[in-house]
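Work through the exercises below with the sequence and the model at hand. Each task is followed by a solution in steps.

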Amino acid sequence: MSRPIKFRKWDKDLKRMHVCGEDVHDSIAFGENNEAYYYNEAWYCNLDKDKDCELMQFTELLDRNDKEIYESDDVKFNGRMYRVTWNYGRFIAVTLDDNVAYELHQINDGCEVIGNIYETPLEDTP
């Protein structure tokens, strides 16, 4: 069984998150040199060179409320805060207080997505 490959992008100019593929007019493509391109009807972005947007991959995992977990999400598990990141070919959750890393799949069943680094600054999260 293959996992769903999904991405979302943070538009720094519009201050808005968008899940790629939700609109029939958008798409994402990857080039030979690991370049990523985002297209829609009226806009194009080379995600590797343009700094007006950030790309985040879906981890394939869901939190305890069945919410999708993406790279750059902040999650809460057993009273501690973690940030989801991609490192050495895997998704990990890094504690925000002492920088200890765990495999994301070790905590995803009991964790809760409470925000992300773009829409909800850490000081705004419960």
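Two strands pair if DSSP finds at least two bridges between them; strands (E, at least two residues) and helices (H or I, at least four) are DSSP runs, numbered from the N terminus. This is a predicted model, in which local features need pLDDT of at least 70 and side-chain atom pairs count only at pLDDT 80 or more, while totals for chains, interfaces and linings use all residues. Residues are numbered from 1 along each chain as its sequence is written, and side-chain values use heavy atoms, with hydrogens and water left out.

**Exercise 1.** Give the strand order of the open sheet of five strands, and state which strands stand at the edges.

Solution. Step one: the order is β11-β10-β9-β8-β12, and the pairing is antiparallel. Step two: β11 (101–103) and β12 (112–116) each have a single partner strand, so one side of each lacks a neighbour in the sheet. Step three: neighbouring strands of this sheet are turned by 35° against each other on average, direction ignored (axes are lines fitted to C-alpha atoms, for helices over the stretch in contact, and angles run from 0 to 180 degrees between N-to-C directions). Step four: within the sheet, β8 and β9 are joined by four bridges, and F77 stands opposite R80 in β9.

**Exercise 2.** List the residues of the largest nonpolar core and find the elements that give two or more residues to this core.

Solution. A nonpolar core is a set of buried Ala, Val, Leu, Ile, Met, Phe, Trp, Tyr and Cys residues joined through side-chain atoms within 4.5 Å. Buried means under 20% relative accessible area, exposed over 50%, and partly exposed in between (1.4 Å probe, protein chains only). The core has 11 residues: I69, V75, F77, Y82, V84, F91, A93, L104, I107, C111 and V113. Two or more of these residues come from each of β8, β9 (80–87), β10 (90–95) and α1 (104–107).

**Exercise 3.** Trace the pairing of β6, and locate the positive phi in the hairpin of β6 and β7.

Solution. First, β6 (residues 53–62) pairs with β1 (residues 7–11) in the antiparallel sense over five bridges; W10 has E54 as its bridge partner in β6. Next, two bridges join β6 to β7, again running antiparallel, with L62 opposite E68. Finally, five residues lie between the strands of this hairpin, where D66 takes a positive phi near 65°.

**Exercise 4.** Is S72 buried or exposed, and what does S72 contact?

Solution. S72 lies in the loop between β7 (68–70) and β8 (73–77). With a relative accessible area of 11%, S72 is buried. Leaving aside neighbours within four places in sequence, its contacts (heavy atoms within 4.5 Å) are R8, M56, R83, V84, N116, I117 and Y118.

**Exercise 5.** Examine the salt bridges of K6 and of R80.

Solution. A salt bridge is a side-chain nitrogen of Lys or Arg within 4 Å of a carboxyl oxygen of Asp or Glu; the structure holds nine. K6 forms one with E68, the closest N and O atoms being 2.5 Å apart. This pair links the segment before β1 to strand β7, 62 residues apart. K6 is partly exposed at 26% relative accessibility, and E68 is partly exposed at 27%. R80 meets D98 in a salt bridge at 3.0 Å, N to O. D98 lies in the loop between β10 and β11 and R80 in strand β9, so the pair ties together parts 18 residues apart in sequence. R80, D97 and D98 are linked in a network of salt bridges.
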